[in-house]
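This report describes a sheet, the nonpolar cores and the surface around a DNA strand.

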Number of protein chains: 2
Amino acid sequence: MEKKSYTIKDIAKMAKVSRGTVDRVLHNRGKVSEDALIRVNEVLEKINYHPNLIARSLKNSKDYYVAVLMPDYQSDAYWKTCYKGIKDAAKEFKSYGVSIDLYFFTMSEAGSFMESFEKILEANPDGLVLVPAFSQEAKEVYQVCDQRSIVYSTFNTPPEEGVEATFVGQDMVQSGRLGAELLHLLDKDASKFLIVHINDEEFENAIHLQKKEKGFRAYLSERSDIEILRLSIQHSDLQDQQAEIRKFLKGDSNISGIWVSSSKAFAVAEVLRDLKLKTSLVGYDLIEENTRFLEDGNIDFLINQNPRSQAFFSVAHVAEKLAFQKEMPEEHLLPIDIVSRENLIFYLNNKRNRTKLLI
Amino acid sequence: MEKKSYTIKDIAKMAKVSRGTVDRVLHNRGKVSEDALIRVNEVLEKINYHPNLIARSLKNSKDYYVAVLMPDYQSDAYWKTCYKGIKDAAKEFKSYGVSIDLYFFTMSEAGSFMESFEKILEANPDGLVLVPAFSQEAKEVYQVCDQRSIVYSTFNTPPEEGVEATFVGQDMVQSGRLGAELLHLLDKDASKFLIVHINDEEFENAIHLQKKEKGFRAYLSERSDIEILRLSIQHSDLQDQQAEIRKFLKGDSNISGIWVSSSKAFAVAEVLRDLKLKTSLVGYDLIEENTRFLEDGNIDFLINQNPRSQAFFSVAHVAEKLAFQKEMPEEHLLPIDIVSRENLIFYLNNKRNRTKLLI
DNA sequence: TTTTTTATTGTGCACGTGCACAATGCATTT
DNA sequence: AAATGCATTGTGCACGTGCACAATAAAAAA
């Protein structure tokens, strides 16, 4: 019943060799007689040895330094949530000697991305967590990190194909499919849906939005001949955005459901409320503006992109790789949560929505 | 920029005392002159000391033994998922010297619960994780554990009011509310909903089902005058269950939506399919029988009770308390996930849907 | 003053690992 | 036979903590 965990000393005794020899076998750095090798391996097979990670990491106990490169969180509620995830991870791993510093860039300026990266390099970090918003620049980053053997992981935006960087995030195509499904479930006799993109960046650069739209359309094309309208809004001012939405909705009255591909569903919700329209509405992200309308019933579902967990895990992978030599996964896809009024509370401030990683 | 983590030795040097004195101050076990006390405290305040948990747990490195007392997982897909969570936790904490053994009981026999507990006591464990399905018997368990200072936590079934045992699970009332909301969203013009209970235990003993029903009714009474029918099935044989459902549905044809309070939604789904009814259906748990009907469209939503995470965290709390002296939370409520066809895959076998706990 | 008691402070060790380096055995060369 | 080289093996140390115990200083008793 009671399993004992064996130590190197135990193994040495059992194999009638010294600790050093066992160590040499375990890390196979040669200089072991065939005789001893066989004896040690015999014991190892019998007992199924697992090294004590605590002792190991105490031994390698140095202070690791991890830099995070992400969009400025002042500007955006979504990134603020990521920031929280980073902070939680920082708190978590502090006791294991990992300290974390943040560096920011502006979404509209690729230059600011590389500028911050230069600063990071000056600080000479052991690890890097980044949002590779600019794929060309990011490639350079990966190269430099490989060269200096800086451990890195990405989140939110998937790295380009072919790059073997750890990615924590969601399946964007599936996310779009889910949006379509929810609208479809809300009104099974729907005849017309509207896609709304409201985004700072050019749509052509926003690969994640393209993937989402692709998924949205794919779902519907598989099971109905619902007409799909599309409205892409570039204004950065809320008033202008809403004016355009209002104009569009007045022009086309019998839309059954609206899917907003970004976190700006609240902009549409307000217009719907003012126009007293009962159109179904599905959007993304649990930012305060959205959750208010979810509670009032103007938004039916919000799809949670789990920004907090994305950021948290991205840091966690790097930190545990450094501190415990744990392997980093190539891809860590988070669930795409459906949030309605009645389960909203569990996705807000959920400090414990996190995970020790497998060894 | 670079934060150093201070050690006791550092503090001793700064306060011009020895390691021993710092140690005495930190664990305030007296025998320190006022003079030294002040100096050490000054340093402590300045540097915000956090002990190195790795070193600490290496020091206290013994093998901990944790017993898990849960329903037999052979009988039930739900408990099988819990079993997986336990196994994952076992794997995770093995490297930290925590080994885990399982003991089972039968849901229908309170006696088997205490029998297994007796066996557990013989093994003399340091920690216990249990599903307190029988509240009276559980009380005795808590008492014995307190007496022998066995660390314990519960999951799935909340312990009785007034007991201060760590509980990992979900808010049952809210879970019922969510079920009602989903049905309501699926058909906003609904006039009649049906509650179906299919359960092994007596309804009177199944407090969690009672709470769920309460939440279901509460939601609807707040915002509509939908008629609520109720069908409680006691048969343990699937054929008998379905016969009763078929009879009921044939008798009352214009039901807008059905909510099954347990994991037996598949039984209803099959009947609906055979009768070619398009009634909305919401149930619980991602067991294979259910997910098949979810994929076929006979079930609209499944509510995920997160059995795997419940079990995992319940073990994790005990293990981290033992190995790292982390505090155990009084209550750890997991999110109530809404699962549809398009996000189902992320909730199946999601090895990483877990969390390192806060310190 | 010397001895004993008491209050405070300093030091040694173990936990398990991983590395550096010292020590041993054995065969080959001088 | 002594000296040298090489292959293999054994040992010491550090990581940071927490506890036991030794050492010191100061006060009280002789």
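A residue counts as near a strand of DNA if its C-beta atom, placed from the backbone, lies within 6 Å of it, and the helices and strands named below are DSSP runs numbered from the N terminus. The model is predicted.

On these terms, α4(A) gives the largest share of the surface near DNA strand C, with 4 residues. Other elements that contribute two or more residues include α2 (19-26) of chain A and α3 (34-47) of chain B. Among the 25 residues around DNA strand C, those that come nearest are T7(A), I8(A), A55(A), S18(B) and G20(B). The classes of this surface are tabulated here.

| Class near DNA strand C | Count |
|---|---|
| nonpolar | 9 residues |
| polar | 9 residues |
| charged | 7 residues |

Chain A holds an open sheet of 6 strands in the order β2-β1-β3-β4-β5-β11, with parallel pairing. Its edge strands, each paired on one side only, are β2 (98-105) and β11 (331-333) of chain A. On average, neighbouring strands of this sheet are turned by 15 degrees against each other, direction ignored. Between β1 (residues 64-71) and β3 (residues 127-130) of chain A, which run parallel, there are 4 bridges; A67(A) stands opposite L128(A) in β3(A). Helix α6 (residues 110-123) of chain A packs on the sheet and touches β1, β2 and β3 of chain A. The direction of α6 makes about 155 degrees with that of β2(A).

The largest nonpolar core has 94 residues, and V66(A), L69(A), V315(A), V66(B), L69(B) and V315(B) have the most contacts inside it. Beyond its neighbours within four places in sequence, V66(B) is in contact with residues including V98(B), I100(B), L128(B) and V315(B). A second, separate core of 84 residues includes L194(A), I258(A), F193(B) and V268(B).

Technical notes. Residues numbered from 1 in each chain as written. Chains lettered and ligands numbered in written order. Predicted model: local features only at pLDDT ≥ 70, side-chain atom pairs only at ≥ 80, totals over all residues. Core = buried A, V, L, I, M, F, W, Y, C linked by C-beta atoms within 7 Å. Buried ≥ 20, exposed ≤ 12 C-beta atoms within 10 Å, placed from the backbone. Contact = placed C-beta atoms within 7 Å. Nonpolar A, V, L, I, M, F, W, Y, C, P; charged D, E, K, R; others polar. Pairing = 2+ DSSP bridges. Axes fitted to C-alpha atoms, helices over the stretch in contact; angles between N-to-C directions.
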